[in-house]
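Colleague: I should be grateful for a close look at one part of this model, the aromatic ring pairs and what surrounds them. Please set out the reasoning as well as the values.

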Amino acid sequence: MAKVSADYEVVYIIDPALGEEAIAATVEKFKALAEQHGSAVEVDEWGKRKLAYAIDYKTEGYYVLMSFTSEPSFPKELDRILGITDGILRSLIVCKNV
């Protein structure tokens, strides 16, 4: 029997050069998207931190951790949207139910 829903975590890094308003809008955009397709959405903003290595010549990033419960099809779509959104340096989605 296929899983109906699972718990996921996503960490994404936003370019801090966008400015505070654009960062807040990006975080809200992905929170609203997760609420639309899932439930139990929790967002933990870690803030600006130094990157372990330069990404596109940038040495700092704004880290955001988001936890949610959704159907298995949504994380693939979320990964696609994160990949095409301007200002997202890196992202990683992990399923917590193994």
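Modeller: The account below begins with the aromatic rings and then turns to the nonpolar cores and the salt bridges.

Please bear in mind throughout that this is a predicted model. It contains 4 aromatic pairs. The pair formed by Y8 and F68 has ring centres 5.8 Å apart and planes at 25°; because planes under 30 degrees apart count as stacked, this pair is stacked. Y8 belongs to strand 1 (residues 6-14) and F68 to strand 3 (residues 58-70), so the pair ties together parts that are 60 residues apart in sequence. Both partners are buried by the cut-off of under 20% relative accessible area: Y8 has a relative accessibility of 8%, and F68 has one of 2%.

F68 also takes part in a pair with F74, with 5.5 Å from centre to centre and 75° between the planes, and this arrangement is edge-to-face. F74 is buried, as is F68. Through these ring pairs, Y8, F68 and F74 are linked into a cluster. A general remark may help in reading these values: a pair of aromatic rings is described by the distance of the centres and the angle of the planes.

The surroundings of the two rings in the stacked pair deserve a separate description. Leaving aside neighbours within four places in sequence, Y8 is in contact with M66, S67, F68, S70, E71, P72, P75, I93, V94, C95 and K96. One of these residues, P72, is 64 residues from Y8 in sequence, while the C-alpha atoms of Y8 and P72 are 9.2 Å apart in space. F68, with residues up to four places away in sequence again not counted, touches A6, D7, Y8, V10, A34, S39, A40, V41, F74 and L78.

F68 also has a place in the wider nonpolar interior. The largest nonpolar core has 20 residues, and those with the most contacts inside it are Y12, I14, F30, M66, F68 and L78. Strand 1, helix 1, strand 3 and helix 2 (74-84) each supply at least two residues of this core. Apart from this core lies another, of 5 residues, among them I13, L51, Y63 and L89. In soluble globular proteins, nonpolar side chains tend to be buried together.

T26 offers a view from helix 1, where this residue is placed. With a relative accessible area of 11%, T26 is buried. Not counting residues up to four places away in sequence, T26 touches Y12, I14 and I88. Of these, Y12 and I14 are among the residues with the most contacts inside the largest nonpolar core.

The charged side chains complete the picture, with a count of 4 salt bridges. In one of them, K96 is joined to E9, the closest N and O atoms being 3.7 Å apart. This pair links distant parts of the chain, since K96 lies in the segment after strand 4 (88-95) and E9 in strand 1, 87 residues apart. K96 is partly exposed at 45% relative accessibility, and E9 is partly exposed at 28%. K96 is also one of the contacts of Y8, and Y8 itself lies in strand 1.

A salt bridge also joins D15 and K58, and here the closest N and O atoms are 3.7 Å apart. D15 is in the loop between strand 1 and helix 1 (20-37) and K58 is in strand 3, so that distant parts of the chain, 43 residues apart, are linked. At 11% relative accessibility D15 counts as buried, whereas K58, at 27%, counts as partly exposed.

E60 and K48 form a further salt bridge, at 3.8 Å from N to O. E60 is in strand 3 and K48 is in strand 2 (residues 38-55), 12 residues apart. The relative accessible area of E60 is 36%, which makes this residue partly exposed. K48 has a relative accessibility of 53% and counts as exposed, because the cut-off for that class is over 50%.

To return to the part you asked about, the cluster is made up of Y8, F68 and F74, linked by ring pairs. Within it, the pair of Y8 and F68 is stacked, and the pair of F68 and F74 is edge-to-face.

Methods
Residues are numbered from 1 along each chain as its sequence is written. This is a predicted model: local features need pLDDT of at least 70, side-chain atom pairs count only at pLDDT 80 or more; totals for chains, interfaces and linings use all residues. Side-chain values use heavy atoms; hydrogens and water are left out. Rings of Phe, Tyr and Trp (its six-membered ring) pair if their centres lie within 6.5 Å; planes under 30 degrees apart count as stacked, over 60 as edge-to-face and the rest as tilted. Helices (H or I, at least four residues) and strands (E, at least two) are DSSP runs, numbered from the N terminus. Buried means under 20% relative accessible area, exposed over 50%, partly exposed in between (1.4 Å probe, protein chains only). Contact means heavy atoms within 4.5 Å. A nonpolar core is a set of buried Ala, Val, Leu, Ile, Met, Phe, Trp, Tyr and Cys residues joined through side-chain atoms within 4.5 Å.
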